[in-house]
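This briefing goes through selected parts of one protein chain, topic by topic. Please look at the model below and keep it in view while reading.

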Amino acid sequence: MSSQDRPVSSFKDKIKSSWPYILTVAIIGFVSLWVRILPSDRVLLPGGIVKFTTNDAWYHMRTLFVLLENYPHRMFFNPMTNYPNGSYIHFGPLFDQMMAVTSLILGMGNPSSQLVNTIGAYFPAVLGALTVIPVYYIGKYLGGHKTGILAAILIAFAPGQFLSRSMIGFTDHHVAESLFSTLFMMFFMLALISAKEKKLRFEDVLNKKFTVLKEPLLYSILAGVMYSAYQLCWPGGSLFLLIVLVYAIFQYILDNFRNESSDYLGFTGIVTCLVSTILILPFVHPDMGFSLYYYSWFHVITSLGTMAGFVALSFIEREFKRKKMKSYYYPLLILGVGILGLICIKILSPSLYSLIIHAPNTVFRIQQGGPSTIDEASSIFYDYGVFTMSKVYSNFTPTGFFASLLGMFILAANLFRKSKPQEVLLLVWSFLIFLAIYGQNRFAYYYSINVSVLSAYLGGLLLEKVKWSELDQKFKSNVKSPADIPRALKFVKVEQVFAVLLIVIFLIYPVYGSAMPYTKMVYGQPSQPWDEACTWLRSNTPDPGMDYNAIYEAPTNGEMFQYPDTAYGVMSWWDFGHYIETIGHRIPNANPFQAGIGGRSKSINETNRPGATTFLTAPSEEEASAVLEAIDPRSDKAGARYIMSDAKMATSMFQSITKWTLDIEGYYRAYWIDKQYISLPTTRYFNTMEARLHILDGNGLKQYRMVHETEAYQTDELLYKYAYNFILGGNIPQVYTGYVKVFEYVKGAKITGTVSSNETVKINTTILTNQGRTFDYSQSTTADSQGRYEFTVPYSTDGPIAGQTQFDTAPSGSYVLSYGDTTKEVKVSEEAVLKGEQIKV
């Protein structure tokens, strides 16, 4: 331990000796905050408008406003999404509660919407900057103040997902996960160090030796509090209990081989887990059973189970020492007890056993099928199945990433010497998070903490090699005022300057350089077209009859939520479900919780379930309508009334949509064009409902009509229309159309009449959109042997009616019916379209 890290005589002396470092960390924290709020002019717009930068941020703000409306009661079940089922909210309550309390305090009990939105925008930046503090202390207790300061600098500018998820406007719980999980590890580490230094034994607890127990007990309690805070930000927080338990097994084995007592470890683990169990218990929903994704008995059992693990490991160790058994039997016995425990759990609760066995797969395994299309859930080392380091370098920089690997290697080598508990803890923690980013790149915002600490650890070792501690002591002895600094520079050696330059060039500068572009890349979500389309939806479609800010009780006994007859769903791809709900105040069928997608699972042999993927890939209008009708099996009402599509759903995103059905072949084909192969859509693609709606404007569909479109943007739409015209023989205008299009599912008016038998009959009209664009709508049929024909048409020629869709896209005139040399004009009322009435010609 370096001289500046030796214990001092009093708290006052400790503060006096540490204030330069505390001040330095505070400055680093403020700089870190400044970096995170640089794009404020692109997030906080004039008029009190806030452009949050992720769709989950919009949902967090929705839950925040509902919480403030009903404070202190929070929404747990939300029927305003995933129609007709609703969704249980798996977001932890703490993140929203912290924003709510802040809003209530600053708003004097009655915060305005603008204040709440502003607090929501700044909150992730503040939490990101606060993460500097625990990272500093973890670094400090690994290698002294110099390591702590370096770690604080590195995390302050850490690029990639940690920075992007803690920028202003990224109002999501991920940065809170990083902060509280790091605080948990910091206090757990401090508890270990304190308990080991004081040579704490379980007998001290029985004998009430508070001088020995006080500090380890305090740190252990704080560790339990911080773990609970972390768990209450994300239900998957049991990941860090796994890290602690794996660490404990290794530490117990090491201590046993060294013939050292592990009571310090057992005490810390038992107190930490006991506190976390007590604090998590009030938030458990018993009706959730053993669920990983919602606060359930699983979260209590994992805390109790980890505590039982510490008890068992301590008991076994004591028995080993009492009976003087050979050390190498200890890990074998641990393995045997672990297997026996799993067997008991399997017998007593097969569902819990299955969850424990399969839960690691959700973190460490590379996703397959539809889930593999979720960008943040894909492996950091693979892009579309191809190994790549690009995502690694963008998140950690090349030198930072490889420094973390070298740091783990050195820590692993230390296991064969006298490694400290904090070093073993960092090694296990870092290695398991490394495995986590292999499974899902989203955990890069966790691994950034490890990269910063491990890189600082290497930098600290380098500074120790050049005797930095001696230089530090000489400066403290000779510098009493700023005027003494020039004279003290004579103590600086060339190798020390060289070491600092190496650290700046290879560790600090790459991190800073990678971080700066993020301050220029923050864009508000949703895109302007989705904002406009959802705003239109809110103002021009019937009220679904739900109280948007009310707290609804979850259905019991496996029943479905009872919606009013006026309720309906809005079909779109799951990415856009939160926008439909939070901006449009309408009920999406699918949402970013991956609810309502439908399709199939790769692990289950089943047919496609009704949902967004089965509707959008349906190969005919009839099959698409059957999907809508099957979404809500309780009634004869369709599961969705409106369909919203954007240009990406119809082009670059479409292959991801198909993956959820596990049927991806035949939608595209490579063509040799201009001396290169170009992948273009095929007939199978153009038969899908998504293509019929967005690329072909719903032309010829019987029960789907466009009711609104947004402004056009340059997309891949023209390439798809080129393929339709020149490869498949179509004849549609090759122009950009609305980026987002809104369609309505209606019964359709029945136009009937008689002509000569087997006569070809056509009907067409010109549709004028709200953007001033026109396109043809047409159908054709052949009369039967008795000359009868029938058309089902979705458009009204008479305009909207009160209480129904106030569409601004409609026929510019009457329908024109033609056969032979005869033409007739046909008018269709809105009532006929909505009720499926017959119109005789």
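In helix α32 (residues 717-727), the buried residues are E717, Y720, K721, A723 and N725. The model is a predicted one. The points below start from this helix and move on to a sheet, a pair of helices, several loops and one annotated region.

**Helix α32 and its surroundings**

- An α-helix has 3.6 residues a turn, so residues three or four places apart point the same way.
- The buried residues of α32 pack against four helices and strands listed here among others: α28 (647-650), β10 (668-673), β11 (676-681) and β13 (740-745).
- Two further helices, α30 (683-686) and α31 (689-695), are also packed against by the buried residues of α32.
- Just after α32 comes G729, which has a positive phi of about 80°.

**The sheet around β13**

- Strands of a sheet pair through backbone hydrogen bonds, either parallel or antiparallel.
- An open sheet is formed by 5 strands in the order β8-β7-β9-β13-β12, and its pairing is mixed.
- The edges are taken by β8 (587-588) and β12, each with a single partner strand, so one side of each has no neighbour in the sheet.
- Strand β9 (residues 642-646) pairs with β13 in the antiparallel sense, over 5 bridges.
- In this pairing D646 has V740 of β13 as its bridge partner.
- β12 also pairs with β13 in the antiparallel sense, again over 5 bridges.
- Two residues have bridge partners in β13 as follows: M706 is matched with F743, and H708 is matched with V742.
- How many residues of β13 are buried? The count is 6 of its 6 residues, and the strand is described as mostly covered.
- Both faces of β13 are covered. On one side the buried residues are V740, V742 and E744, and on the other they are K741, F743 and Y745.
- Helix α27 (residues 621-631) lies across β7 (569-571), β12 and β13. The helix runs at about 80° to β12.

**The helix pair α15 and α16**

- The axes of helix α15 (residues 329-348) and helix α16 (residues 350-364) come within 5 Å and cross at roughly 135°.
- The two helices α15 and α16 are therefore oblique to each other.
- By class, the contact of α15 with α16 has 9 nonpolar, no polar and 1 charged residues.
- On the α15 side, the residues in this contact are L342, I345, K346, I347 and L348. They meet P350, L352, Y353, I356 and I357 in α16.

**Cis peptide bonds**

- Y71 and P72 are joined by a cis peptide bond, with omega at about 5°.
- P72 sits in the loop between α3 (55-69) and β3 (77-78).
- A cis peptide bond also runs from Y83 to P84, with omega near 5°.
- P84 lies in the loop between β3 and β4 (87-88).

**Positive phi outside glycine**

- L662 is not a glycine, although its phi is positive, at about 60°.
- L662 belongs to the loop between α29 and β10.
- Is L662 buried or partly exposed? L662 has a relative accessible area of 31%, so it is partly exposed.
- D697, another residue other than glycine, has a positive phi near 60°.
- D697 is in the loop between α31 and β12 (704-709).
- Why does D697 count as buried? Its relative accessibility is 6%, and buried means under 20%.

**Residue K659**

- K659 is in helix α29 (residues 654-659).
- With a relative accessible area of 28%, K659 is partly exposed.
- K659 and Q368 are 291 residues apart in sequence. In space they are 9.3 Å apart, C-alpha to C-alpha.

**An annotated region**

- UniProt, in an unreviewed entry, places the feature "domain: Archaeal glycosylation protein B peripheral" at residues 748-839.
- Over residues 748-839 the chain of the model is 7% helix and 48% strand.
- The end C-alpha atoms of this stretch are 11 Å apart.

Conventions:
Residues are numbered from 1 along each chain as its sequence is written. This is a predicted model: local features need pLDDT of at least 70, side-chain atom pairs count only at pLDDT 80 or more; totals for chains, interfaces and linings use all residues. Side-chain values use heavy atoms; hydrogens and water are left out. Buried means under 20% relative accessible area, exposed over 50%, partly exposed in between (1.4 Å probe, protein chains only). Contact means heavy atoms within 4.5 Å. Axes are lines fitted to C-alpha atoms, for helices over the stretch in contact, and angles run from 0 to 180 degrees between N-to-C directions. Angles under 35 degrees count as roughly parallel, over 145 as roughly antiparallel, 65 to 115 as roughly perpendicular and the rest as oblique. Ala, Val, Leu, Ile, Met, Phe, Trp, Tyr, Cys and Pro count as nonpolar, Asp, Glu, Lys and Arg as charged, and the others, Gly among them, as polar. Two strands pair if DSSP finds at least two bridges between them. UniProt positions are given in the numbering used here, feature names are shortened, and annotations may be inferred rather than shown by experiment.
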